[in-house]
Amino acid sequence: MGKRIQTEVLGSQRAEYGKEIVQSLSAQLTREFGRGFGRRNLFSMIRFADVFPILKLCTH
């Protein structure tokens, strides 16, 4: 999820703009799916994608 936010939502946007986008995305995801999509969690997901870029998840 962090990689998707990073590439599809944030792209190469400025840091301040990125913070606003993540805050807005957090509110939208929380409304749609409930808890677990707070701003802090989304930034953690993005950071995880940065640290482990080649991690592939099992899809079965």
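How much of the accessible surface of the protein belongs to carbon and sulfur atoms? The accessible surface comes to about 5,100 Å², and carbon and sulfur atoms hold 54% of it. Keep in mind that what you're looking at is a predicted model.

**The overall layout**

Let's start with the fold. The protein has three helices and zero strands, and reading from the N terminus the elements go α-α-α. There are 60 residues in the protein, and 23% of them are buried. Now take the contacts with a separation of 6 or more: 41% of these link residues 24 or more positions apart. One spot where you can see two far-apart parts of the chain come together is S44 and G2: they sit 42 residues apart along the chain, yet their C-alpha atoms are separated by 7.7 Å. S44 belongs to helix α3, and with 43% relative accessibility it counts as partly exposed.

**Inside: the core**

Which residues make up the largest nonpolar core? There are nine: I5, L10, I21, V22, L25, L29, F37, L42 and I46. Helices α1 (2-10), α2 (15-33) and α3 each give two or more residues to this core, with α2 providing the largest share, four residues. As background, nonpolar side chains in soluble globular proteins tend to be buried together.

V22 is a handy core residue to click on. Setting aside neighbours within four places in sequence, V22 is in contact with L10, R39, L42, F43 and I46. Among those partners, L10, L42 and I46 are also members of the core.

S26, a serine in helix α2, is worth a look too. Is S26 buried or exposed? It's buried, because its relative accessible area is 6%, and the cut-off for buried is under 20%. Again leaving out neighbours within four places in sequence, S26 is in contact with F37, G38, R39 and L42. Two of these names should ring a bell: F37 and L42 are both in the nonpolar core.

**Aromatic pairs**

How many aromatic pairs does the structure hold? It holds two, and here they are next to each other:

| Pair | Geometry | Centre to centre | Between the planes |
|---|---|---|---|
| F33 and F37 | tilted | 6.0 Å | 50 degrees |
| F48 and F52 | tilted | 4.9 Å | 40 degrees |

In the pair of F33 and F37, the partners sit in contrasting surroundings: F33 counts as exposed, at 54% relative accessibility, whereas F37 counts as buried, at 16%. F37 also ties this pair to the core described above, since F37 is one of the core residues.

For the other pair, F48 counts as partly exposed at 44% relative accessibility, and F52 gets that label as well, at 45%.

**Outside: a nonpolar patch**

F48 and F52 turn up again on the surface, where they join V51 in a nonpolar patch. Together these three residues have about 290 Å² of accessible area. V51 lies in helix α3, which covers residues 39-51. Why does V51 count as partly exposed? Its relative accessibility is 42%, so it falls between the cut-offs of under 20% for buried and over 50% for exposed.

**Putting it together**

Helix α3 shows up on both sides of this story: it gives two or more residues to the nonpolar core, and it also holds V51, a member of the surface patch.

Note on methods. Residues numbered from 1 in each chain as written. Predicted model: local features only at pLDDT ≥ 70, side-chain atom pairs only at ≥ 80, totals over all residues. Heavy atoms only, no water. Patch = residues over 30% accessible without salt bridge, like charges linked within 9 Å, V, L, I, M, F, W, Y side chains within 5 Å. Areas by Shrake-Rupley, 256 points an atom, 1.4 Å probe, with all protein chains shown as cover. Salt bridge = Lys/Arg side-chain N within 4 Å of Asp/Glu carboxyl O. Buried < 20%, exposed > 50% of the residue type's maximum accessible area, 1.4 Å probe, protein only. Contact = heavy atoms within 4.5 Å. Core = buried A, V, L, I, M, F, W, Y, C linked by side-chain atoms within 4.5 Å. Phe/Tyr/Trp six-rings, centres within 6.5 Å; stacked < 30°, edge-to-face > 60°.
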